[in-house]
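Please open the structure in your viewer, with the sequence beside it, and set side chains so that they can be switched on one at a time. Each stop below names a selection and then describes what is found there.

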Amino acid sequence: MPNDPLNAFVPHGLTEVAGAADGPLAGLRFAVKDLFHIAGLPTGAGNPDWLRTHDVPQATAPAVQRLLDAGARVAGKTLTDELAWSLAGENAHYGTPENPQAPGRIPGGSSSGSASAVAGGAVDFAIGTDTGGSIRLPASYCGLYGIRPTHGTVPLDGSVPLAPSFDTVGWFARDAALLRRVGAVLLPPAPAPAFRRLLVAEDAFAVAGEAVRDALAPAVDRLRERFGGADAVTLAPEGLERWRPVFQTLQAAEAWAAHGAWIEAVKPAFGPGVRDRFAAAATLDPALARAAAETREGIRQRMDGLLGADGLIVLPSAPGIAPLRGSSGAAVDAERGQALAILCPAGLAGLPQISIPAARLDGCPLGLSLIGPRGSDSALLAIAEDLFP
């Protein structure tokens with residue numbers, strides 16, 4: 001496609017939309033994941049059958065409109081994994097966006113095009129969505145700052161859902177200052193809590209392994225110095241591997257509730273992985289979803305109890321660097337499982353999490369994450385700018 005060497009934009013969405021003449025984001029260009037509606041532009045949700053069976057939206061999603069009203073200009077709509085149900089960023093229909101910070105490796109998904117566009121300098125910032133890690137993982141893989149806000153804080157109206165009780169609007173930038181400026185537009189005013197306790201999630205670091213722990217150690221030490229020490233904590237006493245299926249079960253139930261009728265009517269062509277996940281979701285026992293919902297409530301209470309009003313949890317953003325493009329299905333599944341174990345706590349609890357490009361491993365980016373109490377989004381953005389500019 002012309003003017004898109006990164007393969008970050010979708011063919012039907014490489015169209016600019018002007019913002020307000022002035023405002024706090026005037027002069028900046030941003031990209032929009034192709035799940036958000038923009039008046040007059042099709043929404044494809046990463047799948048050609050979705051594109052052909054849905055009308056062109058007549059209204060723009062509120063989150064996008066806020067950014068336009070603040071003076072930013074849309075550079076185009078970016079590639080997403082199909083209906084946002086993947087963490088890899090390899091789309092069977094439209095290809096894989098480039099990872100400019102780790103050539104030959106995947107960008108991560110499902111906000112793949114948004115991450116690629118920012119990492120490659122095509123735009124100043126980009127918005128995407130994060131359900132199970134679709135901002136945080138690409139941010140880690142592509143060497144970006146990225147935030148998943150407190151669930152429900154930024155409106156998702158005018159976008160294609162995946163699992164509504166997990167879905168959030170997130171955004172990427174190459175520097176912490178701009179990530180915070182975008183947050184000032186998207187986030188509602190809220191009191192900024194003071195973080196006083198640093199909590200190192202030992203079980204999350206254990207999932208990632210020693211190489212990741214060692215690479216992130218200098219950044220963790222910087223936080224320890226800021227807080228005058230840290231406490232080691234275990235997020236999941238029963239094991240993060242037991243929290244992961246709770247997330248996956250609820251995500252599957254909600255995804256089928258959102259899209260099952262369309263899938264049965266249209267019988268869309270899905271790529272590998274996405275096809276298998278929707279097929280499994282179609283036969284999910286509702287009793288399993290009810291049990292998972294009960295377990296989730298306990299997880300939410302556990303995370304809230306650890307954080308209190310002033311805690312800050314530090315953990316890896318990913319179990320490692322971005323895998324090579326075209327890796328085997330088994331390797332991708334193994335990486336996905338480890339990633340979800342690390343990423344699921346914030347999603348299950350509805351908490352904000354920011355990923356910071358804190359290190360490199362084998363020449364590739366690696367992110368460090370901070371999770372704060374619900375509503376502490378602006379404080380997370382501030383501490384990232386202060387300590388990791």
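Begin by selecting Arg 296 together with Phe 166: in this predicted model, Arg 296 lies over the face of the Phe 166 ring, at 4.0 Å from the ring centre. Keep Phe 166 on display and add Phe 247, since the ring centres of these two residues are 4.9 Å apart with their planes at 80°, an angle over 60 degrees, and the pair is therefore edge-to-face. Colouring by secondary structure shows Phe 166 in the loop between strand 4 and strand 5, whereas Phe 247 belongs to helix 8 (residues 240–266), so that the pair ties together parts that are 81 residues apart in sequence. Are these two rings, Phe 166 and Phe 247, buried or exposed? Both Phe 166 and Phe 247 are buried.

A search of the whole structure finds six aromatic pairs. For another aromatic stop, select Trp 50, Trp 85, Trp 262, Phe 270 and Phe 278, which form one aromatic cluster.

Next, go to strand 4 (residues 145–148) and show it with strand 9 (residues 353–361), where three bridges pair the two strands in the antiparallel sense. Within this pairing, Gly 146 can be picked out opposite Ser 355 of strand 9. Following strand 9 onward brings you to strand 10 (residues 364–371), which runs antiparallel to strand 9 and is joined to it by eight bridges. Leu 361 stands opposite Cys 364 of strand 10, and the hairpin has two residues between its strands, with Asp 362 taking a positive phi near 55°.

Now select Asn 99, in the loop between strand 2 (73–78) and helix 3 (112–119). Why does Asn 99 count as buried? Its relative accessibility is 2%, and because the limit for a buried residue is under 20%, Asn 99 falls in that class. Show the polar atoms of its side chain and look for two backbone partners: the backbone oxygen of Ile 106 lies 3.1 Å from one of the side-chain polar atoms of Asn 99, and the backbone oxygen of Tyr 141 is likewise reached at 3.1 Å by the side chain of Asn 99. If residues up to four places away in sequence are left aside, Asn 99 touches Arg 105, Ile 106, Pro 107, Tyr 141, Cys 142 and Ala 322.

From there, move along the chain to helix 3 itself and display its surroundings. Eight of the eight residues of helix 3 are buried, so the helix is largely enclosed by the rest of the structure. These buried residues pack against strand 1 (29–33), strand 2, strand 3, helix 4 (136–142) and strand 5, which makes a useful set to colour together.

Step past the end of helix 3 to Gly 121, which follows the helix and has a positive phi, near 80°. Gly 121 lies in the loop between helix 3 and strand 3 (125–130), and at 46% relative accessibility it counts as partly exposed. Add Pro 100 to the selection, and the C-alpha atoms of Gly 121 and Pro 100 are found 9.1 Å apart in space, with their positions 21 residues apart in sequence.

Finally, zoom out and colour residues 18–179 and 274–381, where an unreviewed UniProt entry places the feature "domain: Amidase". Residues 18–179 are 20% helix and 17% strand, and their end C-alpha atoms lie 21 Å apart. For residues 274–381, the content is 53% helix and 21% strand, with the end C-alpha atoms 33 Å apart.

Note on methods. Residues are numbered from 1 along each chain as its sequence is written. This is a predicted model: local features need pLDDT of at least 70, side-chain atom pairs count only at pLDDT 80 or more; totals for chains, interfaces and linings use all residues. Side-chain values use heavy atoms; hydrogens and water are left out. Two strands pair if DSSP finds at least two bridges between them. Helices (H or I, at least four residues) and strands (E, at least two) are DSSP runs, numbered from the N terminus. UniProt positions are given in the numbering used here, feature names are shortened, and annotations may be inferred rather than shown by experiment. Rings of Phe, Tyr and Trp (its six-membered ring) pair if their centres lie within 6.5 Å; planes under 30 degrees apart count as stacked, over 60 as edge-to-face and the rest as tilted. Buried means under 20% relative accessible area, exposed over 50%, partly exposed in between (1.4 Å probe, protein chains only). A charge sits over a ring if NZ of Lys or CZ of Arg is within 6 Å of the ring centre and within 35 degrees of the ring normal. A polar contact is a pair of N or O atoms within 3.5 Å; within protein, one must be able to donate a hydrogen and the other to accept it, and residues adjacent in sequence count only if both atoms are side-chain atoms. Contact means heavy atoms within 4.5 Å.
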